[in-house]
Each structure stands twice: as C-alpha cells, then as structure tokens.
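Let's walk through this protein together, starting with the overall picture and then following a few strands and one residue. Keep the 3D view open as you read.

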Amino acid sequence: GAEAVVIFNQGNDPTREGVVVGTLGEDHGVTVPVVGASFANGASLASAGSTAHVQVIPSETRTDYNVIAELPGKNRNNVVMAGSHLDSVTEGPGINDNGSGSAAILETALTLAKSKPQNTLRFAWWGAEEEGLIGSAAYVAELSQAEKDKIALYLNYDMVGSPNYIFQVYDADQSSFPAPVVVPEGSTAIEDLFESYYTLKKQPYDDAEFSGRSDYQAFIEAGIPSGGLFTGAEVVKTEQQATIWGGTAGASFDPCYHQACDNIGNLDRKALEINSDLIAFAQLTYAFSTESVNG
Ligand code: PHE
Ligand code: ZN
Ligand code: ZN
Ligand code: ZN
C-alpha cells in the first residue's frame, strides 16, 4: 500500500478502518482501509489531532499513465506547465474531481495550439492522483536537474467547477506545508496573478490551503514555483461564504465529492466558465513572460 500521513479523529485502532479527517497525499473525509500504522512519540494509538503514518490499501492495482502535451515556444528552455489529474476515485465518474480541471486545460491547450509563444507550454493530465499523487510524483522524480531547471512554474487545477463553489487560490504566502518543505519564492506572484484576475472580473476570492493535497506537491518539493485554483470539496459552506458567493450554507462545496453522483450535473457552469477563462489567461500571460515569477 501507499505511505500516507493521516490525521485521525480519535483513538482509532490502526489495524481497522479509520475515519480520516485530514491527510497528506490522500483524501480528506473518506474512510481509508488501513493495514499498518505507527504514531508519533511511540504511542500505540493516535490521539485527537495527532499525526499517524499509516499504510492504506490501494483501491485498485493496475498500470496508469500521465498524458503530456507540449507546444514549443521560441524559448525551449523556459517551460510553463499546467496540470490536472485525469483519474477519478473508483466510486464515481469524477466530473468535478477532476474532469473540470482536465477539460479546462484541454480547452486552453487547443486554443493556444496554433500560436508560437515565447515560452514553451507543457500540459499534463496526471494519472493516479487519487492513489496518492502517484503520476505527478513519478513525473518529477524522473526529471533530471537540468529538466527541472527549465520549468519556470507549475499551475495545478484540481476541482474548479464545484456545484456549491467558492473561488479559492492556493495560498503561497501563508502555506502550511510541513517542515522542511519551503514554498519556492515566485509562488506568491502566481497567487497574485490569479487574484488580480478575480478582482478584474469583480469576483470574490479567498485563500485555499496550500499544503500538498494535490499534484503540485512534487513541484514544490523540487523548488519549482507553483500555484493553482480550487472551488472546494467536502468542507461545508458557512453562512458568511453563502452571503459572498451565493449557494447553500450548511452543504458541502461539492456534496458529491468522491461519490457516484459526481456526474455531468455536478458542476456550477458559471464557476467553471470563469475559472476556464482564468486558466487560459494565466497560461497566456506566462506564455509571454515568466519574469514576475522567476525574476
Ligand atoms: N486532491 C483532492 C482530490 O483529488 C482535491 C483537493 C484539491 C483537495 C485541492 C484540497 C485541495 O480529491
Ligand atoms: Zn479526489
Ligand atoms: Zn482531485
Ligand atoms: Zn495568500
């Protein structure tokens, strides 16, 4: 099974199923079959809020693939990357998670395909994200240092059309990566670009936790400036958020998160439209220049 860092609720027997309330590289709010675990301070059980290293049983065992497409720019040595995971959980079709991001970067790629940008544009549709960020981690692990150095930045889009959405931007200036991971300088400029677009379009936005819950993690660890968008998953919308964005207070941002009902109806078309435009805007901006990020 894949190693995962899991925060249990309380007193879970590590050899049975634990209700996961916070994870790294795995999903939140779902029950993960656990086959082994060890806890901080030599404790035999996780206490409320503590961190446990557990082994989880993969939901399926098979070969999966990343799909990579590249449009060469005038400068082949400065690459602007965008990525979205193309897999879903086995429980459902994964239209919001993550058909939404996958479709948005596909549309951007098709729109820019006939251009000759200054910088090289690379698009990634990741495999096996839901099994623990496997596709993106494998991709970065296989890059030479010279290849890593050519990647100016990485933009991640995972769930960008949630039915009970709020607009969120990965929070680079207050990231919550566990030490010793440090968010590369330049990530804040990416956050600023996304936020400036929402401001331009008079759309409210908030910070999204930037802690390694999607495919940007390997890029951050490799020192590549990164950012991305998120419209919410299992977390419940507050009254205050409903006042700002509309939608339903007391319901999850995506009530069908990781379920069979994450089908074609499980999207907010307005949120997907605005974010798709923003995704194209960001790619086009960095196609011209990445100077604001890399100096
Ligand atoms: N990576 C999560 C999933 O695919 C979704 C997610 C993205 C959650 C970003 C939090 C932040 O299920
Ligand atoms: Zn998911
Ligand atoms: Zn996802
Ligand atoms: Zn911020």
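What follows is a short tour of this predicted model, from the whole fold to a single tyrosine.

In outline, the protein has eight helices and twelve strands. Of its 295 residues, 45% are buried. If you consider the contacts between residues at least 6 apart in sequence, 75% of them join residues at least 24 apart.

Now find strand E7, which spans residues 75-85. Strand E8, residues 119-126, pairs with E7 in the parallel sense, and eight bridges link the two. To see one of these pairings up close, look at Ala-82, whose bridge partner in E8 is Phe-123. Between E7 and E8 the chain passes through helix H1, residues 95-112, and the resulting β-α-β crossover is right-handed.

E7 also pairs with strand E9, residues 151-157, again in the parallel sense and over five bridges. Here Val-80 is a good landmark, since you will find Leu-153 of E9 standing opposite. As you inspect these strands, remember that side chains in a regular strand alternate between the two faces of the sheet.

Finally, turn to Tyr-216, in the loop between strand E11 (206-208) and helix H5 (217-221). Is Tyr-216 buried or exposed? Tyr-216 counts as buried because it has 25 C-beta neighbours inside 10 Å, where 20 or more are required. Leaving aside residues up to four places away in sequence, Tyr-216 touches Tyr-154, Asn-156, Ser-226 and Gly-228. Its C-alpha atom is also 9.5 Å from that of Ser-84, although the two residues are 132 apart along the chain.

Definitions and conventions. Residues are numbered from 1 along each chain as its sequence is written. Chains are lettered from A and ligands numbered from 1 in the order in which they are written. This is a predicted model: local features need pLDDT of at least 70, side-chain atom pairs count only at pLDDT 80 or more; totals for chains, interfaces and linings use all residues. Two strands pair if DSSP finds at least two bridges between them. Helices (H or I, at least four residues) and strands (E, at least two) are DSSP runs, numbered from the N terminus. A crossover is right-handed if, with the strands pointing away from the viewer, the path from the first strand over the helix to the second runs clockwise. A residue is buried if 20 or more other C-beta atoms lie within 10 Å of its own, exposed if 12 or fewer, and partly exposed in between; C-beta atoms are placed from the backbone. Two residues are in contact if their C-beta atoms, placed from the backbone, lie within 7 Å.
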